[in-house]
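Okay, thanks everyone, let me get the model up on the screen. I'll talk through the parts I'd like you to look at, so just follow along.

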Amino acid sequence: MIRIVGAKNREALAPELQSMHRHRKQVFVDFLKWDIPVIDGQYEIDQFDNDDAVYLMVSDPQTRAHLGSVRLLPTQCPHLMSEIFPFLCDGAPPNSEDVWEITRLCTAPKVADPSTVRRHLCTALMEYGLLHGIRRYVSVTHMAFLAQVLAVGWNCEPLGLPQMVNGEEIGAIAIEVSAESLSHFRKSLGLKRPLIALSDQAQAA
Amino acid sequence: MGQFHDVQAFVREANRVTEMAELEPALASIMQSLGFDLYAFVHHVPGSVVPESVVRLSNYPEAWRDIMRARNYFADNPVIMACQKRSVGFIWSQLPSLLNLSARQKESLDEWNRMGFGEGFTVPMHVPGEIMGSCSMSVGRGASLPEASLPAAQYVACFTFEAARRIARGGTEKLTPSTKVRNLTQRQLDCVVLVGRGKSDWDISRLLGISDQTVHQHVEEAKRRFGVASRTQLVVRALYNSQLTFSDIIQ
């Protein structure tokens with residue numbers, strides 16, 4: 001099942017969040033070598049991990065360990081594309097209530113089946129988007145991973161030409177939220193019911 | 001500026017089309033406007049008999065393809081080998097610095113040049129769990145590569161490949177068994193790891209406590225699953241697959 005973590009329930013889900021920040025450090029800093037802040041030598045936390053952020057998270061109900069997650073930010077609040085990478089957009093970066101940004105999509109380093117966790121997160125992104133009137137997501141992606149992002153099977157388009165940043169080619173893309181993509185993902189995963197618990201909706205919002 | 005709008009219009013078209021016959025002219029037209037003469041967007045599947053669900057979009061003259069097939073340039077094609085080591089695009093003249101080119105490979109690059117290929121740009125297409133592919137865009141001998149088009153070319157590569165991949169497998173979410181690589185079993189993986197460390201079937205059989213015949217079967221089955229011919233290719237593919245399991249996508 002997918003948990004939604006927002007400003008109101010982050011205290012209650014502190015162990016899951018702590019585990020998420022630890023895994024994000026292992027994935028993005030240790031493995032992918034991104035130059036981003038690390039707190040206490042073990043947690044990857046930046047200025048966008050704030051009260052505006054909403055996380056969709058897969059966690060182990062027993063151990064409360066994080067298995068995979070993605071961070072969402074409304075584009076009407078400061079976000080990665082507006083504050084750090086505005087030059088990736090041809091024109092102004094997105095700023096609209098029906099456009100949200102996806103960042104820090106990752107799975108726990110030792111999770112048994114990362115591809116299923118990732119596909120659950122993509123499905124939950126569509127569910128969350130449809131529930132909240134989000135029309136499209138935007139995201140900054142490394143060109144090296146673009147083929148993999150597109151292969152998820154959702155409808156994407158570029159927001160500007162890719163650019164070289166610190167020796168790596170990155171670009172801004174938009175991902176369309178649609179009932180069609182949701183049913184396509186559900187079918188391929190054999191899901192009959194929503195992944196997002198409605199009780200979480202109320203708690204996180 | 002104008003170039004981005006061309007790419008955006010192309011991407012929308014590529015996302016919309018449902019048949020290769022619609023994708024091909026759109027690709028030919030954007031290639032021309034970006035300044036490329038030749039292109040080949042392909043899954044790396046050796047041999048002349050390939051499953052239908054494989055991407056194969058190319059405007060190489062048939063005669064050139066015949067020569068390449070006849071010489072079996074697939075086996076040690078330097079562009080394909082560079083794709084196994086690279087995650088982002090590279091220019092063909094960089095190949096000697098990316099790979100330790102064998103005499104045969106140097107000769108094949110010369111032969112491509114004699115056929116009429118000039119400078120080119122290749123973007124590797126890595127989708128974990130699937131057969132690798134690449135998108136190569138080049139100019140004829142003597143022409144110069146349109147350097148200013150390379151950022152746009154990367155988008156054209158990725159979005160075209162995805163559209164072709166979607167069309168090739170019939171618009172369904174399920175990959176056909178012929179292109180979908182099944183994961184190796186733990187036992188097969190153990191064998192492949194030891195093959196990678198240079199162990200013989202006999203060494204492996206001692207280490208794992210199984211017969212060398214069984215080791216042989218595991219290795220053959222693993223090769224079959226990845227659709228590769230040699231033990232070296234098997235190790236590269238297995239490494240690549242597990243390496244990418246958690247290099248997760250988005251910034």
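Start with strand 4 of chain B, residues 117-125, which pairs with strand 5 of chain B in the antiparallel sense, over 7 bridges. If you want a spot to click on, B:Val123 sits opposite B:Cys135 of strand 5. And before anyone asks, yes, this is a predicted model.

Now go to the other partner of strand 5. Strand 1 of chain B, residues 38-43, is joined to strand 5, residues 133-140, by 6 bridges, and those two run antiparallel. There you'll find B:Val42 facing B:Ser134 in strand 5. Strand 1 of chain B also pairs with strand 2, residues 56-58, again antiparallel, over 3 bridges. In that pairing B:Ala40 stands opposite B:Ser58.

So what order do the strands of this sheet in chain B come in? Reading across, it goes 2-1-5-4-3, an open sheet of 5 strands with antiparallel pairing. The edges are strand 2 and strand 3 of chain B, the latter at 90-91, and each of them pairs on one side only. For anyone newer to this, strands of a sheet pair through backbone hydrogen bonds, either parallel or antiparallel.

Then there's a helix over the sheet. Helix 4 of chain B, residues 78-85, lies across strands 3, 4 and 5 of chain B, and runs at about 130° to strand 5.

Zooming out on chain B, the domain assignment splits it into domain 1, 2-168, and domain 2, 186-243. The centres of those two domains, taken over C-alpha atoms, are 31 Å apart.

How far do we trust this? For chain B the mean pLDDT is 82, with 84% of its residues at 70 or more. Residues 172-180 of chain B are a weak spot: pLDDT there is below 50, though the stretch has 19 contacts in the model beyond near neighbours in sequence. Residues 240-251 of chain B also stay under 50, and the model has 35 contacts for them beyond four places in sequence. Where pLDDT is low, the predicted coordinates should not be read in detail. For the model as a whole, ipTM is 0.91 and pTM is 0.80.

Okay, over to the interface. In the model, 38 residues of chain A are in contact with 30 residues of chain B. Which element of chain A gives the most to the side that touches chain B? That's helix 4 of chain A, with 8 residues. Other elements supply at least two residues each, including helix 1 (14-31), helix 3 (114-131), strand 7 (136-142) and helix 5 (179-189) of chain A. By type, the chain A side divides into 21 nonpolar, 12 polar and 5 charged residues.

Last thing, a helix pair inside chain A. Helix 3 and helix 5 of chain A have axes that come within 9 Å and cross at roughly 145°, and the crossing is left-handed. Among the residues that meet there are A:Cys122, A:Met126 and A:Leu130 from helix 3, and A:Leu182, A:Phe185 and A:Leu189 from helix 5. Charged residues take part too, A:Arg119 and A:Glu127 in helix 3 and A:Arg186 in helix 5 among them. Overall that contact divides into 7 nonpolar, 2 polar and 3 charged residues.

That's my tour, so over to you.

Key:
Residues numbered from 1 in each chain as written. Chains lettered and ligands numbered in written order. Predicted model: local features only at pLDDT ≥ 70, side-chain atom pairs only at ≥ 80, totals over all residues. Domains from an automatic or database assignment. Contact = placed C-beta atoms within 7 Å. Helix = DSSP H or I, 4+ residues; strand = E, 2+ residues; numbered from the N terminus. Pairing = 2+ DSSP bridges. Axes fitted to C-alpha atoms, helices over the stretch in contact; angles between N-to-C directions. Left-handed = near helix turned anticlockwise from the far one by under 90°. pLDDT = per-residue confidence, 0-100.
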